[in-house]
Amino acid sequence: MNIEHEKKRVSINTSKKGVFLEEQFLDMANSAPVLLWVSNADNLRIFFNKAWLQFTGRTPEEEYGNGWLEGIHPNDLKKCIKIYKESFEKREAFKMEYRLRRNDGQYRWILDNGKPRYTKNKIFDGYIGSCVDIHEIKELEHRKGQFITAASHELKTPVTSLNVYLHLIEEYFKNNKEEKYASFASGAVEQVNKITELINHLLDLSRLQSGSLHFEWSVFSFYKLVNSIVKKIQLTTPTHRIEIQGSSKAFIKGDSERLLQAIENVLTNAIKYSENHDKIIVKLSENTKFVNLSVIDFGTGIDKIHLPKIFDRFYRIPGEKEETYPGLGIGLYLSQQIVKNHKGKIWVESIRNKETKFNLQIPVHKQTDL
């Protein structure tokens, strides 16, 4: 056997196979109904499929490099570049939404998914991305948000009036020694308070979506905040003993009412899902950079499959038992967004039917902080 001849033959066949695969990719990419793109290791776009070019109405030459950025809505451009650049530097997959100008001049909401690609020698070679038009979905979400806001505002006034009347009725029965009816009125007040809390959550949700959720910044003791929340919830929760472990002398800069809301959501969630256990542990610690809070319950737990979605808006764990618990899947989402606005993070660890631990981490305030 002529080894050199065989090597040459294999090389030619491999080359032909590579060309064939490249042609196959181009055929597949150009027949795909979604918008596809490819960038190189220098962060420059080097390919757009037919669907992309038909959508934008531009030539490949106009889109190549950073030309495609010209089609992004000016209000979305800065955020888009930031996500793209940070993901590129970290070699991480990303998802981002932005408005892209269509060939008729209309801006359409696009969901862009990018993934890093590597050579067979595991050398980073750029990104490949796919985009879908989600404009109708975004419009529907906007209308839904407007409806939630309007409905919540309309409900708030009569519910507030109802709460006042029920308190008056409760006081009347108490003054007249009608303890039985006073307890009925007290129960009604408790239910109205739950409705009020739900309305407030819906309003906060709509404000978050519109970017108008307001924060009042101040510097305060994190331990005192947590202690006040625990005392408040303990007064209305005779079924569980909430135990604080550890301490913290750190101060943080933030909105105390919003953080109270976030931590309260986590605590009430722990109580709700541990009805067969009477103990909740609240752990506090700190280091030079962060204050740390863990809320631990010993209830139903969360399966691993659900952990990545637990903070998603409206997400509720499916299943016969979990669906019996009240709620709309808003509380944990709001908690996450509030913590993010404080430049912190929140995550969960859980072992099914044994233990669930929600962890919060908030930056420590330093005198040099503005």
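## The antiparallel sheet

In this predicted model, five strands make up an open sheet whose order is β2-β1-β5-β4-β3, with antiparallel pairing. The edges of this sheet are β2 and β3, each of which pairs on one side only. Averaged over the sheet and with direction ignored, neighbouring strands are turned by 25 degrees against each other.

Two helices lie against this sheet. Helix α4 packs on it and touches β1, β2, β3, β4 and β5 (124-133), with a direction that makes about 150 degrees with that of β3. Helix α5 also packs on the sheet, where it touches β3, β4 and β5, and its direction makes about 120 degrees with that of β4.

## Pairings within the antiparallel sheet

At one edge, strand β1 (residues 35-39) and strand β2 (residues 45-48) pair in the antiparallel sense over three bridges, and Val-38 stands opposite Phe-47 in β2. These two strands form a hairpin with five residues between them, and within the turn Asn-43 has a positive phi of about 70 degrees.

At the other edge, β3 is joined to strand β4 (residues 107-118) by eight bridges, and the two strands run antiparallel. One of the residue pairs here is formed by Glu-97 and its bridge partner in β4, Leu-111. Strands of a sheet pair through backbone hydrogen bonds, in either a parallel or an antiparallel sense.

## Loops with positive phi

Two residues other than glycine, each in a loop beside one of the helices α4 and α5, deserve separate mention. Arg-91 has a phi near 60 degrees, a positive value in a residue that is not glycine, and Arg-91 is found in the loop between α4 (74-90) and β3 (94-101). With a relative accessible area of 36%, Arg-91 is partly exposed.

Lys-177 likewise has a positive phi, near 60 degrees, and is also a residue other than glycine. Lys-177 is placed in the loop between α5 (135-175) and α6 (179-210), and its relative accessibility of 69% means that Lys-177 counts as exposed.

## The mixed sheet

A further open sheet is formed by five strands in the order β7-β9-β10-β12-β11, and here the pairing is mixed. Its edge strands are β7 (241-246) and β11 (345-351), each pairing on one side only. Neighbouring strands of this sheet are turned against each other by 15 degrees on average, direction ignored.

Helix α7 (residues 222-235) packs on this sheet and touches β7, β9 and β10, and its direction makes about 165 degrees with that of β7. Within the sheet, strand β9 (residues 279-286) and strand β10 (residues 290-297) pair in the antiparallel sense over six bridges, and the bridge partner of Val-282 in β10 is Val-295.

## Gln-361 in strand β12

Which side chain makes a polar contact with that of Gln-361? The partner is Asn-292, whose side chain is joined to that of Gln-361 by a polar contact of 3.1 Å. Gln-361 is found in strand β12 (residues 355-363), and because its relative accessible area is 15%, which is under the 20% limit, Gln-361 counts as buried.

Apart from neighbours within four places in sequence, Gln-361 is in contact with Phe-290, Val-291, Asn-292, Val-339, Gly-344, Lys-345 and Trp-347. Asn-292 thus appears both in this set of contacts and as the partner in the side-chain polar contact.

## Helix α8

Helix α8 (residues 256-272) has 17 residues and reaches 24 Å from its first C-alpha to its last, close to the 24 Å expected at 1.5 Å a residue. This helix is mostly covered, with 13 of its 17 residues buried. At its N-terminal end α8 is capped by Asp-255, a side-chain oxygen of which lies 3.0 Å from the backbone nitrogen of Glu-257.

## The chain overall

The chain holds nine helices and 12 strands, and of its 370 residues 39% count as buried. Its accessible surface comes to about 22500 Å², and 55% of this belongs to carbon and sulfur atoms. Among contacts between residues at least 6 apart in sequence, 59% join residues at least 24 apart.

Note on methods: Residues numbered from 1 in each chain as written. Predicted model: local features only at pLDDT ≥ 70, side-chain atom pairs only at ≥ 80, totals over all residues. Heavy atoms only, no water. Pairing = 2+ DSSP bridges. Helix = DSSP H or I, 4+ residues; strand = E, 2+ residues; numbered from the N terminus. Buried < 20%, exposed > 50% of the residue type's maximum accessible area, 1.4 Å probe, protein only. Contact = heavy atoms within 4.5 Å. Areas by Shrake-Rupley, 256 points an atom, 1.4 Å probe, with all protein chains shown as cover. Expected span 1.5 Å × (residues − 1). Polar contact = N/O pair within 3.5 Å; in protein donor to acceptor, adjacent residues only side chain to side chain. Axes fitted to C-alpha atoms, helices over the stretch in contact; angles between N-to-C directions.
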